[in-house]
Amino acid sequence: MSTIRTFLSSALLFAGIVLAPLIVSACSDDDSGTTPTPTENDAVFIKDPAKRRMIYSLVDLEGNGGRIYEMTYDVDYKLDEALNAGITGTTSLMNFVATHLFDSVPRPQSLSLAYGAGCSAFACPDATTGHFIMGRNFDFNHIDPDTKERKMIPVIAVHTAPKGGKRSVSFVDGQFVKYESGFYTNKRSDLSMLMALPYMLLDGINEDGFAISVLKLDSLPTRQKQPGKKDIFTTVAMRMVLDRASTVDEAIRMLEGYNMCMDQDTASYHFFMADAQGQYAIVEYTPTGAGKHPTRMEILTGNDTLRCVTNFYVSPTMLHTDQGGRSLHGRTRYNNLRQGLHQLGYQVDATQAMSLLRTVAQGPDGDQGSTGFTQWSEIFDLTRRSVTMNILREWNKTFTFGIE
């Protein structure tokens with residue numbers, strides 16, 4: 001799943017959230033005494049009872065495995081305010097979360113947040129059912145800088161149903177805000193940053209069968225500056241289209257209305273999207289010259305070579321560049337996906353789709369770089385509006401998610 005350099009790969013928001021290991025109170029901070037607290041971990045900056053109930057409703061889908069959780073996010077995450085805030089990077093995104101979604105604001109400090117990964121995605125019809133499918137691997141290797149060992153992440157499935165918007169389920173790598181496997185009940189992690197989940201997504205699908213994923217590119221970060229348009233950050237844009245777009249065409253029109261800005265990142269990203277009508281597209285932001293930040297939005301679709309994507313530009317304008325046609329980042333995975341899709345006549349059933357993802361999955365041994373391990377693999381059934389997921393290359397254990 002070659003997608004983004006995950007935008008939240010840093011410590012929890014502020015110094016107050018990067019809490020040293022401590023035993024925190026299991027009691028609620030509100031006076032009602034009714035907030036359930038099935039974990040001893042506190043959420044220091046969250047006082048509102050509804051928010052706390054939501055935070056403490058997180059479900060471990062393996063009982064006590066600490067690897068995959070599910071939550072229904074049922075409070076307002078203020079998308080309109082986020083779209084008007086001019087968010088251009090991880091710091092401004094985290095400032096927005098602190099000032100708009102927290103109940104008390106920590107003392108701000110410079111944030112160390114990251115966003116990046118190496119992934120793979122494709123879309124095609126299912127020949128047996130007539131359904132439309134999108135497949136996706138999310139690859140990211142979180143390495144402890146001291147021990148050099150791989151950190152185990154928690155996957156969080158986030159259900160949202162915004163007022164006036166579309167219901168969806170999206171997926172988050174908790175390590176991007178320093179939540180490691182088992183964080184929810186480890187008696188030391190502060191849970192306040194769960195309020196940021198709607199803006200931490202890496203991929204997702206909505207009630208109309210529109211799905212989107214994001215993948216990393218090796219280029220300067222995108223910095224569009226068209227007059228009259230508001231700035232938008234990668235994950236805020238993904239939240240916007242999941243909440244408001246029914247089709248690929250609608251999502252593209254929405255993205256065209258904003259300046260995509262990744263000011264604090266070190267790379268750029270492209271989107272792969274598909275819908276229940278069988279449309280699919282790759283959205284890339286390309287530079288207009290060597291050494292320039294990407295500013296030109298390109299929409300790529302309409303032929304079978306663009307049914308899949310990994311971690312290099314596929315735009316013809318990037319054919320003779322080190323980030324496009326000459327790039328080796330994800331090239332083998334891309335070639336394997338294209339070959340597999342071609343051999344299957346660009347029509348695959350769910351089993352064949354997962355087999356394709358297995359052929360391009362990464363790890364557990366080998367590359368110890370940022371893109372060297374497949375954290376999860378998904379088949380989005382765009383017609384049925386459902387997702388089947390395998391984590392950590394455990395192909396015989398599947399999790400299924402619908403739109404709630």
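The chain folds into seven helices and 17 strands in this predicted model. Its 404 residues are 59% buried. Accessible surface adds up to about 15000 Å² for the chain, and carbon and sulfur atoms account for 48% of that. As for how the chain meets itself, take the contacts between residues at least 6 apart in sequence: 70% of these join residues at least 24 apart.

On to the cysteines. The structure has zero disulfides. Cys-119 sits at a relative accessible area of 0%, so this residue counts as buried, the cut-off being under 20%. Cys-261 is also at 0% relative accessibility and therefore falls in the buried class.

Val-158 gives a closer look at one spot in the fold. This valine belongs to strand E5, which runs over residues 155-160. Val-158 counts as buried because its relative accessibility is 0%, and the cut-off for that class is under 20%. Leaving aside residues up to four places away in sequence, Val-158 touches Met-71 and Tyr-73, then Ser-168, Val-169, Ser-170 and Val-172, and also Leu-197. Leu-58 offers another reference point for this valine: the two residues are 100 places apart along the chain, yet 9.5 Å separates their C-alpha atoms. In short, Val-158 is a strand E5 residue with 0% relative accessibility and with contacts that include Met-71 and Leu-197.

Terms used
Residues are numbered from 1 along each chain as its sequence is written. This is a predicted model: local features need pLDDT of at least 70, side-chain atom pairs count only at pLDDT 80 or more; totals for chains, interfaces and linings use all residues. Side-chain values use heavy atoms; hydrogens and water are left out. Helices (H or I, at least four residues) and strands (E, at least two) are DSSP runs, numbered from the N terminus. Buried means under 20% relative accessible area, exposed over 50%, partly exposed in between (1.4 Å probe, protein chains only). Contact means heavy atoms within 4.5 Å. Accessible areas come from the Shrake-Rupley method with a 1.4 Å probe; for residues, only the protein chains shown count as cover. A disulfide is a pair of cysteine sulfur atoms within 2.5 Å.
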